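Take a look at the model below. Keep the sequence at hand as you read.

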Amino acid sequence: MPGAGAFLHSGKVTLERVIGLTVSTNATLTCDLNTGTIAYPAGCVVVIFNPRSNKQSYIFNTCRKTITAVAFSHDGKHLVTGECGNQPAVRVWDVAEKTQVAEFHGHKFGIVCVKFSPAENYVVSIGSEHDKMVNVWNWKKKIQVASNKIISKVNSMAFSKDGSILVTVGHRHVKFWYLKDTKSKINQTVPLQGSSGILRSHLDNFYCDVSCGHAVYTITQSGLLCQFNEKRELEKFVEVQATAAYCISAGKDYIYVGCANGVVRMFDANLQYVATMPHPHWLGVDVALPPNHSHLTFQTEDARFPDTIAISYDDVHRKVACVYKDHSLYVWDVHDVMKVGKICSFLYHSSGIWGLEMNPGTTKEVRPILQSGSFMTCSSDDTIRIWNLDPHMVETECSKRNVYSNEMLKIVYVDPMHTFLRDVPRKPADEGKSGMRCIGISADGRHLASGDRIGNIRVHDLTNMEEIIKIEAHDQEILCVQYSNLIAGPKLMASGSRDRLIHVFNVDQSYNLMQTLADHSSSVTAIKFTENEEKIKLLSSSTDKSVLFREAHKTPECQFEISKQQHVVVTNTLYDIDIEPTQKHMATACQDRNIRVYNIESGKQTQCYKGAVGTEGVLLKLHIDPSGQYVVTCCLDKSLCLLDFKSGEILATMIGHSEKINGVKFMPDLKRLVSVSSDGCIFVWRLPPELTESMRGRLEELGRLPFEAIKGEINRNQGSSWCRTYQIADPAPLSLEKVLEEAVRRPGKEMDTAKIQEELEPQVHEESPGIQTEVQAPRKEELPDFNSTITGLPDWVQAKMGRDISTSRESDHHPQPPSGRWAVNNDSLKSWISGRKGPCVEGEPRGYYKPPGEETLSVEDVENDVKQVENPEDSTVSGNDPSVEPIDTDTEEGKSENEESLTSINPRVSLSSKFWSKSQLENISKMTMQICMQQQDLLNIKQDKMQENLTQENEETKESSSGTKEKEIMLDLPCIFPQEISSLSGHQPNVASEKNLEDIQKEKEDCTLTQGIQEGDDSSLRREMVNTLKELLEATRQNGRLLMTLDSSIKKNTMVLQNLVDLNRAKRREEESC
C-alpha cells in the first residue's frame, strides 16, 4: 500500500475508514460485474467498496493529485484512473495487490474519463476542455497506439460490445471512433479515425453521458434519451419527464437514467418506460427521527431532493449504485423493478470540512452525553455532523442509528434553506458568507459551540441538539472556539476571529460576555486554557507572529491580563497551538514547518524541530496525544506526520487527501486518529499497537486513562441521567446452600491485599462490545468466574463434602479452571440441606448416605477448627495488619464505618453488590437456628407419641415369647449431620447392609410411628428402642450446637473480612497521598 503510511517499528499506520467521496460525474463511478464491488474516488484515494460486507479497500495515488476518473477492467483484476493537475497521468492498478502496473503521460491539464476496451488490451483517456486530446494506450506493452484532437468539450465515452467502436459525447458532440484502424506494423502512434453522429435537429443539445447496450444510448441535459443505430443515425428518442438529466447506465434488459431532484427512470431496450426508482432522502432530513423505512418514500409538495449525478448498473447482481449531488451514496436492489429495495446508504459532507472535535474521554469525573468514540465535524455546506464508527454501539436516547447513514448519528442544519447542501458552485460574492468554520465541545461533553464565516457563535445542547443561544460575536470569520477545562474556577468559553478580537464568555451565566481582549494586531488562529494552583491562564496565537500569555484569578469575575514576562514574539506566523497533558509545555505550528515548544511558566523556548517531511507548505494544525508522548501535524502539502514529542523523530507520514487538511485529532481509545480536509472527506487512520500500548501505559501512570482505552472493562448501557451508565452485577439472593457451596469452592487459604483490592472492584456486564471488542476476549479469560468469598470451611466440613483433605491443600496451589459461577457441584451437600435420604451404608443409621473419605467427628475437632476464626491474628489470611483495629459491627458506629470503607474505595459499589453483608449472614444464622428448632420440636412430638403408645401397650399386653419377628422403626427426621449424631451419642445401631434404598423406602411406608410395636415383641426390645430414641434426641441437640458453632464461625469470618477491608482502605489512602 504505497503512501499509506511509514513503517513504525513492527507496525504501520494504515487507513481504516474513509467517510466521504469526490464523485462529480458518471466517469468517477464504476462497478465490477464479477464481484459486485463499486469504486469511486475520495481525494487521492480510490475506495473499493463491497456492499455485501460493508468493507472498504484502498488504492493510494502517491503523487497526491486528485483522481477524476476510474474504470474497472471487464475481468475485475485491474483498475484505471485519471487525475488532474500539472502533467496528469493515466495509471493502471492491480486490484488485488493495490499496486501500480503502468503509467502514461500524454495530457497537460486534466483527464475527464478513462476506459478499458472489452478485449482489455487498450486503455483510452480523454483530456479536459483545455487539453482536448483522446489517446489510446496499449497498457500491457506500455506504449501509445493512437491519438487525435477533439474540438468540442467531451463529457463521457463508451465502448461498443465488440470493442471496435468508441463513442464520445459532449457539448454538441457525438462522435464514433474506430479502433480497428489503429493497428500499425511499426511501433509508432497513428491518428485515431472517427466520424460524427448524425444528429439532425438535435445538434444544439448538450450530451451528458453515453452507454452501450443493445445499441448506443445517450442522454441530453434537457432530458432526451436518444438511441443511435449502426449507421450513426439518431434513430429515436424519448423524453424522461425531468427538468434535467445527468447520467445513464445500460445493461442487457434495462436502461437507468439519473435526473434532477433525485429521480431515476427505468426504460427497456426499446426506450419503453418501465418504472421510477424511489427518491433518496430529502434535503434537510432529520436523521435522528425514529427508524422508519417509509421515510424514503415520503414526499411533500415542497420537498427537494439532491440531483443524481452518477449511476452504475450491475445487471449480473441486479444492483444500482447512485451518487447524488449532496455527496450521498445509495446502493439499490433491483431484482424486482416494481419493488426496489435499499441495500445501504451513506450521507457525507457535500463541501470542504473546516472543523473537527472529539467527544471527551469517559472517566470517573467526566461522563459525556454522546457515546464513546463519537466525533463532530463542521463544513462549508452549513451543517454540523456527529459520527460514530463503532458497529456495536449501544443505542441511547441521545445516540441512535438511522436508516440513512449507519456511520452518522445526527445532523445540525445551520441554513434553513439548505442552499449549499447540493454542492452548487459558489459565486465570488458568496465566498466567506456561508458555512461553518470551527467547533468546540465543552469539557463535560454537554455543549457544542460553533463559529461561522460571518461572525456568529451558536451553542447546541448535545442531548437533543437544540440551539441554546446564538451570539453575534464578531464582524468577520471566526477561526477558533475553545472551552476551558479547569478543575476549579468558572467555566469559560473563548472565541477568536479575523477581526483580531478575543471574546471570553461565562458558561454558567448563560454565556454572558465577561471580557473582550484586543491585544493582537492580526487574525487570532488558536486559543487554549490552562491553570496552576492559583490562577487561570489564557494562551493565544496570531498571524502577527506572537503568542500572548494572560492570567486571571480563579474568581467568578476573573479578568485576564497580559504577563509581560510571557509575551513571545517569533519570526514566523503561528497557525496553531496545543498544550501537553501536564500543562507545563506548549507546542506551536509555525510557518517554516517547525514545531516550537515553550515552557508555559517562563515563556521560554525549550525545543524546535521539523514537523513535516516535505520542503513546501506550512504547518496548519497539530495535536498532542492524551499521554503527551506523540504529536501529529498536518501540512499544506496535503500530508500528515506523526512525531515523537520529546525527540522530534518522525515516526510515520500519511497521504491521501487531495486538498488542504484542516484538522487532525487523536481518538480517546488511543488506537486511531482522524483527519479532515477541504475535499470533504474524513480519513480514520489506525495506529500501530506498540504506539497504543505506550500511550496507555503512560496514562495509567498519570492516572488519566479513559474508559475507552481500558481493555474489556467498559460497556455502555442506556437508562441514566447521562444517557448511559456502567451496569454493576447484582448477585442473586443468597441461601445456606450457596454459602456452603461458595465456601467449599474456595477453601481457606492465604489471600494477599492486592487480590482483595482486585475483588473489591465492581464487575461490569458487557452486553454489546464497542470499538474495543478486539481486546476484550483475552481480558475476559483473566477475570475470575466468581465475585468474592470469605474463607473456606473447616476440614471436617470439607470431609463431609467428599473432598480429600490431604490433597485439597495441594490442589489449591494448582486450581482447576471453573466451568461456571458455581464450579463445584456437591450433591451430597444439597442432600443434607434438604433432608433427603441416601443409600444405606453398613454400620450407620438407615437412610444415611456416607460420602467417600468420611471420618468420625469429635467435639475437639470442631473447637480446634473454630480457633482459627476466633483469633484473626493467628489465621492463615495474609495482609492482616495487627496495627489496624478491627471494626465492631455490633454498634451503629461500626456499621457505618464498615459501609464507608467499601464506598470509599468505589462509590458505586454497595455492600450487597460484591460481598455478603452482616445482615445476610445474620439471616443465614437465623435460618440455621430455625432448622435446628424445627428438628427438636418434631422430635419432641414424636417422642411423646411413642411414650404414649408404649404405655398403652404395656397395660393391654403381656410379655410375649421369643421368636417374634423384629421390626425396626423408621424415623422420618431431617438429618443435617448424621455422622455427628452417631459419634456424639456413642451408639452404633445395627443396620442390614444388604437392603437397598428401594427396600428401605418400602419399609418406611409400611412401618410408621403410630403402628407401635408388632405382636410378639418383648419388653426388652421396647426398652431398647426407648433408649435409642433418647440417644437420638440428645444427638439432635448436639447437632443444633454444631450448627450454632458454624454460625459463630461465619460471624468471625465477617470480622476477618472487615479487617481486610479496613487495611485495604488505609493502603489506598497512603497511595493517594503519595
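This report covers the nonpolar cores, one exposed residue, the cysteines and the aromatic pairs.

## The nonpolar cores

This is a predicted model. Its largest nonpolar core has 87 residues. Those with the most contacts inside it are Y40, Y256, M277, F375, L642 and W685. Strand β30, residues 319–324, gives this core its largest share: five residues. Apart from this core lies another, of 19 residues. Among them are V154, M157, F159 and V190. In soluble globular proteins, nonpolar side chains tend to be buried together.

Now zoom in on F375. Leaving out residues up to four places away in sequence, F375 touches I19, L356, E357, M358, N359 and R385. F375 also touches I386, W387, L389, M667, V674 and I682.

## An exposed methionine

Is M417 buried or exposed? M417 is exposed, because its relative accessible area is 55% and the cut-off for exposed is over 50%. M417 sits in the loop between β36 (408–413) and β37 (436–441).

M417 and L283 are 134 residues apart in sequence. In space, their C-alpha atoms are 9.2 Å apart.

## Cysteines without disulfides

How many disulfides does a search of the whole structure find? The search finds zero. Take C480, which is in no disulfide. The nearest cysteine sulfur belongs to C438 and is 6.4 Å away. A disulfide needs sulfur atoms within 2.5 Å, so this pair does not count. C480 is buried, at 9% relative accessibility.

C590 is in no disulfide either. For C590, the nearest cysteine sulfur is that of C608, 6.9 Å away. C590 counts as buried, with a relative accessibility of 0%.

## Aromatic pairs

The whole structure holds twelve aromatic pairs. A pair of aromatic rings is described by the distance of the centres and the angle of the planes. One of the pairs is F104 with W137, which is stacked. Their centres are 4.9 Å apart, with 25 degrees between the planes. F104 lies in strand β11 (residues 99–105) and W137 in strand β14 (residues 133–138), so the pair ties together parts that are 33 residues apart in sequence. F104 is buried, at 4% relative accessibility. W137 is buried too, with a relative accessible area of 3%.

Y324 and Y330 form an edge-to-face pair. Here the centres are 5.5 Å apart and the planes are at 90 degrees. Both residues, Y324 and Y330, are buried. Elsewhere, ring pairs link F49, F346 and Y348 into a cluster.

Note on methods: Residues numbered from 1 in each chain as written. Predicted model: local features only at pLDDT ≥ 70, side-chain atom pairs only at ≥ 80, totals over all residues. Heavy atoms only, no water. Core = buried A, V, L, I, M, F, W, Y, C linked by side-chain atoms within 4.5 Å. Buried < 20%, exposed > 50% of the residue type's maximum accessible area, 1.4 Å probe, protein only. Helix = DSSP H or I, 4+ residues; strand = E, 2+ residues; numbered from the N terminus. Contact = heavy atoms within 4.5 Å. Phe/Tyr/Trp six-rings, centres within 6.5 Å; stacked < 30°, edge-to-face > 60°.
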